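Biologist: Please take one part of this model and go through it closely. I would like a connected account, with the numbers kept in.

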Amino acid sequence: MPRAKRAGIAALIAVLGLPVLGACGQRATPDRNASGVTTTLRFFEHDTQQTDLDLGPQGTSPGDQFIFSGDLFDHAGGTKVGHAAGQCTTLSGNATAAGDVFCTATFVLDRGQITTQGLSDHAALFGGQTVPWAIVGGTGIYSNSRGDGTIQAPVDVPNQTDANFVLNVITD
């Protein structure tokens, strides 16, 4: 087959394939069709119960569990608005190497529940840094909720029994 004919066929395939590639690519712009109302909720959580389960080799290792439950307030020293419970599982790393921890938490409020989760660097989460979380669902008035938020666990509190949550809840 002559070189010019091969080049023409390749150009035709490239032109016809561009729409397919565009459909498979990532979107760089926000979804303008998304609907819903965003409400930002801020909570201060104080653990009333917590436990650490060292399930792998001694010390921080995959499989370890941190389980907690506590009271939710509108701010530190403020009005109690509900309670929360959750768990974190160490997925990778050890006492000397950074690793991942996967956490879930559910916030039980007067008119429904909000469920969250996030994968974070173990040292960041338990080192007082603010880390992102995702809102994955809910019940009651939050039954169609989604969105994102953050958690920050202060290191200056004994046993890290306190945490600050900001949830950007989107509801339809």
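What follows is a close look at one disulfide and the strands around it.

Modeller: A caution comes before the details: this is a predicted model. Start with the frame. The chain has 8 strands that close into a barrel, in the order β1-β2-β3-β4-β5-β6-β7-β8, with antiparallel pairing. On average, neighbouring strands of this sheet are turned by 30 degrees against each other, direction ignored.

Now the bond itself. How many disulfides are there? The count is 1. Cys88 and Cys103 form it, with an S to S distance of 2.1 Å. Its two ends sit in distant parts of the chain: Cys88 belongs to strand β3 and Cys103 to strand β4, 15 residues apart. The torsion about the S-S bond is about 115 degrees, so the disulfide of Cys88 and Cys103 is right-handed.

Are the two cysteines buried or exposed? The cut-off for buried is under 20% relative accessible area. Cys88 has 6% relative accessibility, so it counts as buried. Cys103 has 1%, so it is buried too.

The strands that carry these cysteines are also paired. β3 spans residues 80-90 and β4 spans residues 100-109. They run antiparallel, with 9 bridges between them. One bridge sets Gly86 against Ala105 in β4. In general, such pairing is made through backbone hydrogen bonds. A disulfide, by contrast, is a covalent bond between two cysteine sulfur atoms.

Step to the other side of β3. There β2 joins β3 over 9 bridges, again antiparallel. The two make a hairpin with 6 residues between them. Gly77 lies in that turn and has a positive phi of about 80 degrees. Asp71 has His83 as its bridge partner in β3.

Asp71 also leads on to β1, since it stands opposite His46. Strand β1, residues 37-53, pairs with β2 in the antiparallel sense over 9 bridges. How enclosed is β2, residues 65-73? Of its 9 residues, 7 are buried, so the strand is largely enclosed by the rest of the structure.

The loop between β1 and β2 deserves a stop. Ser61 lies there. Its relative accessible area is 5%, so Ser61 is buried. The side chain of Ser61 reaches the backbone oxygen of Pro57 at 3.2 Å. Beyond its neighbours within four places in sequence, Ser61 is in contact with Asp54, Gly56, Thr90 and Gly93. Of these, Thr90 falls within the residue range of β3.

Last, the packing. Nonpolar side chains tend to be buried together in soluble globular proteins. Here the largest nonpolar core has 24 residues. Phe43, Phe107, Ile114 and Leu167 have the most contacts inside it. At least two residues of this core come from each of β1, β2, β3, β4, α2 (122-125), β6 (130-138) and β8 (162-171). β4 gives the largest share, 5 residues.

Ile114 shows how these parts meet. Neighbours within four places in sequence aside, its contacts include Leu41, Ala105, Phe107, Ile135, Leu167 and Val169. Ala105 in that list is the bridge partner of Gly86, which returns us to the pairing of β3 with β4. The disulfide between Cys88 and Cys103 links that pair of strands.

How values were computed:
Residues are numbered from 1 along each chain as its sequence is written. This is a predicted model: local features need pLDDT of at least 70, side-chain atom pairs count only at pLDDT 80 or more; totals for chains, interfaces and linings use all residues. Side-chain values use heavy atoms; hydrogens and water are left out. Two strands pair if DSSP finds at least two bridges between them. Helices (H or I, at least four residues) and strands (E, at least two) are DSSP runs, numbered from the N terminus. Axes are lines fitted to C-alpha atoms, for helices over the stretch in contact, and angles run from 0 to 180 degrees between N-to-C directions. A disulfide is a pair of cysteine sulfur atoms within 2.5 Å. Buried means under 20% relative accessible area, exposed over 50%, partly exposed in between (1.4 Å probe, protein chains only). A polar contact is a pair of N or O atoms within 3.5 Å; within protein, one must be able to donate a hydrogen and the other to accept it, and residues adjacent in sequence count only if both atoms are side-chain atoms. Contact means heavy atoms within 4.5 Å. A nonpolar core is a set of buried Ala, Val, Leu, Ile, Met, Phe, Trp, Tyr and Cys residues joined through side-chain atoms within 4.5 Å.
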